[in-house]
Amino acid sequence: MRNMLSRLAQELEPYVPGEQPVDKVYVKLNTNENPYPPSDRVLAAIHGAVDRLRLYPDPENTELKEVLATYWNSRLSYGSPKLETENFFVGNGSDEVLGFAFPAFFTDREVAFADITYSFYPVYAKLFHCTYREIPLDEDFQIPVEEFVKLAKEETPPAGILLANPNAPTGRGLSKEDVEKIIRANEESVVLVDEAYIDFGGESVVDLVREYDNLLVVQTLSKSRSLAGLRVGYAVGSETLIDGLNRVKNSFNSYTVDRLAMAGAVAAICDESHFQRTRHLIMETRSRVTEKLEEMGFNVVESEANFIFVTHKSHPAKDLFQGLREKGVLVRYFNKPRIDNYLRITIGTDGEMDILLHALEELLA
Ligand code: PMP
């Protein structure tokens, strides 16, 4: 029966997402979802869009692109060239945007990314027949900027460089200056900066898009806008790069994002005060929990994301992961070299984090 699958399908090694268990209610700190509900305006907007569900959605997603352009233009420094709707691409979650970027720019070519980073990158690389180079993070899990800068000097520089900023699962962020150094040096390569977690303390490079034609920034509404279930992500880049993404999308399914998701996404981007309130709550909780965990003997990697990456001085991560699971708290454990003694813990509400801390106290006693 197996030979009914294409050779490609037989060879794939698909990405394994974090658990979404249905056996019981867990304190769920394993997939970096936002613990707070989305803006009330999202529900109202989705409700308002139901009437028009018999119609296909706008394949260009114009309304969302306009709202995004306004949002980003209001953040550009005075005198910078403005972003137009042609600088935006909308997809069904940023995973889909990344999935379109590979065939648009990288098929049969080489890409480079850190050895510890979002584990979807090697999956896409294999799917689209890319060779890939994994550049080791340095001792304290930081992206080695000079190693990425040096790629440009090679005889055949990679077609693509993928940087998750902040990185996952470590949570470490690069400064805007460092990201710009990599973009500027590698002008022959598409530099894709995946900013899924940027709103929790990082510095976005969206405002550099009009300056560097080789820069593609990818963002999502799944994390800081509390809309993981709605599946909306987007890219910002030069007209040429956005055209590449549109060519792939329109060769596959022109209507990637549905009417309800579009309405909800527009409402979420427009609710600035909800966005600011919830992201600050998460950052405050992150500081408090970091301090407590350090008192308990954990080393906590400095994080600019809505999760922390931790290791304990004496208790193996695998045992803590299992112990927490038995106590109804789900965190993420990666059985991979160099990080197999670490746990990635999503920042939940203060109440959820107190349950985590209490469970850990019992396990460490
Ligand atoms: N990039 C990174 C670094 C991520 O961790 C995730 C979430 N797993 C994504 C992109 C994709 O997020 P989404 O598809 O929900 O937008």
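Is Leu260 buried, exposed or partly exposed, and how many other C-beta atoms lie within 10 Å? In this predicted model, Leu260 has 18 other C-beta atoms within 10 Å and is therefore partly exposed, a count that falls short of the 20 required for a buried residue. Leu260 belongs to helix 9, and, leaving aside residues up to four places away in sequence, it touches Ile46 and Ala49. The C-alpha atoms of Leu260 and Leu43 are separated by 9.6 Å, although these residues are 217 positions apart along the chain.

**Helix 2 and helix 9**

The contacts of Leu260 form part of a helix pair. Two packed helices are described by the angle between their axes and the distance between the axes. For helix 2 (residues 40-49) and helix 9 (residues 259-270), the axes come within 8 Å and cross at roughly 150°, and the crossing is right-handed. Helix 2 contributes Arg41, Val42, Ala45, Ile46, Gly48 and Ala49 to this contact, while helix 9 contributes Arg259, Leu260, Ala263, Gly264, Val266, Ala267, Ala268 and Cys270. By residue class, the contact of helix 2 with helix 9 comprises ten nonpolar, two polar and two charged residues.

**Helix 3**

Helix 9 also takes part in the surroundings of helix 3, since the elements covering the buried residues of helix 3 include strand 2 (88-91), strand 8 (233-237) and helix 9. The end C-alpha atoms of helix 3 (residues 62-73) are 16 Å apart, in agreement with the 16 Å that its twelve residues should span at 1.5 Å a residue. Leu64, Lys65, Leu68 and Trp72 are the buried residues of helix 3; viewed down the helix axis they fall within an arc of 100°, so they line one face of the helix.

**Helix 10**

The 24 residues of helix 10 (residues 272-295) should span 34 Å at 1.5 Å a residue, and the separation of 35 Å between its end C-alpha atoms agrees with that expectation. The buried residues of helix 10 are His274, Thr278, Arg279, Ile282, Arg286, Val289 and Leu293, and what covers them includes strand 9 (298-300), strand 10 and helix 12. Helix 10 is followed by Gly297, whose phi is positive, near 95°.

**Helix 11**

Which residues of helix 11 (residues 317-326) are buried? They are Ala317, Leu320, Phe321 and Leu324, and, seen down the axis of helix 11, these buried residues fall within an arc of 100°, so they line one face of the helix. Asp319 and Glu326, on the other side of helix 11, are exposed. The buried residues of helix 11 pack against strand 10 (307-312), strand 11 (329-330), strand 12 (332-333), strand 13 (343-346) and helix 12 (350-364). Helix 11 is followed by Gly328, which has a positive phi near 85°.

**Backbone features in the loops**

Positive phi is also found in residues other than glycine, and the cases of Asn32 and Phe141 are set out here together with two cis peptide bonds, from Asn165 to Pro166 and from Ala168 to Pro169.

| Residue or bond | Backbone feature | Value |
|---|---|---|
| Asn32 | positive phi | near 60° |
| Phe141 | positive phi | about 65° |
| Asn165 to Pro166 | cis peptide bond | omega near -5° |
| Ala168 to Pro169 | cis peptide bond | omega near 5° |

Asn32 is placed in the loop between strand 1 (27-28) and helix 2, and with 23 other C-beta atoms within 10 Å it is buried. Phe141, in the loop between strand 4 (131-135) and helix 6 (145-150), has 19 other C-beta atoms within 10 Å and is partly exposed.

Pro166 lies in the loop between strand 5 (160-164) and helix 7 (176-185), and Pro169 is likewise placed in the loop between strand 5 and helix 7.

**Tyr197**

Which residues does Tyr197 touch, not counting residues up to four places away in sequence? Its contacts are Pro166, Ala168, Gly202, Lys223, Ala305 and Asn306, and two of these names recur from the cis peptide bonds, Pro166 and Ala168. Tyr197 itself lies in the loop between strand 6 (190-194) and strand 7 (215-220) and is buried, with 26 other C-beta atoms within 10 Å. The C-alpha atoms of Tyr197 and Glu63, 134 residues apart along the chain, are separated by 24 Å.

Methods:
Residues numbered from 1 in each chain as written. Predicted model: local features only at pLDDT ≥ 70, side-chain atom pairs only at ≥ 80, totals over all residues. Axes fitted to C-alpha atoms, helices over the stretch in contact; angles between N-to-C directions. Helix = DSSP H or I, 4+ residues; strand = E, 2+ residues; numbered from the N terminus. Left-handed = near helix turned anticlockwise from the far one by under 90°. Contact = placed C-beta atoms within 7 Å. Nonpolar A, V, L, I, M, F, W, Y, C, P; charged D, E, K, R; others polar. Expected span 1.5 Å × (residues − 1). Buried ≥ 20, exposed ≤ 12 C-beta atoms within 10 Å, placed from the backbone. Arc of directions from axis to C-beta.
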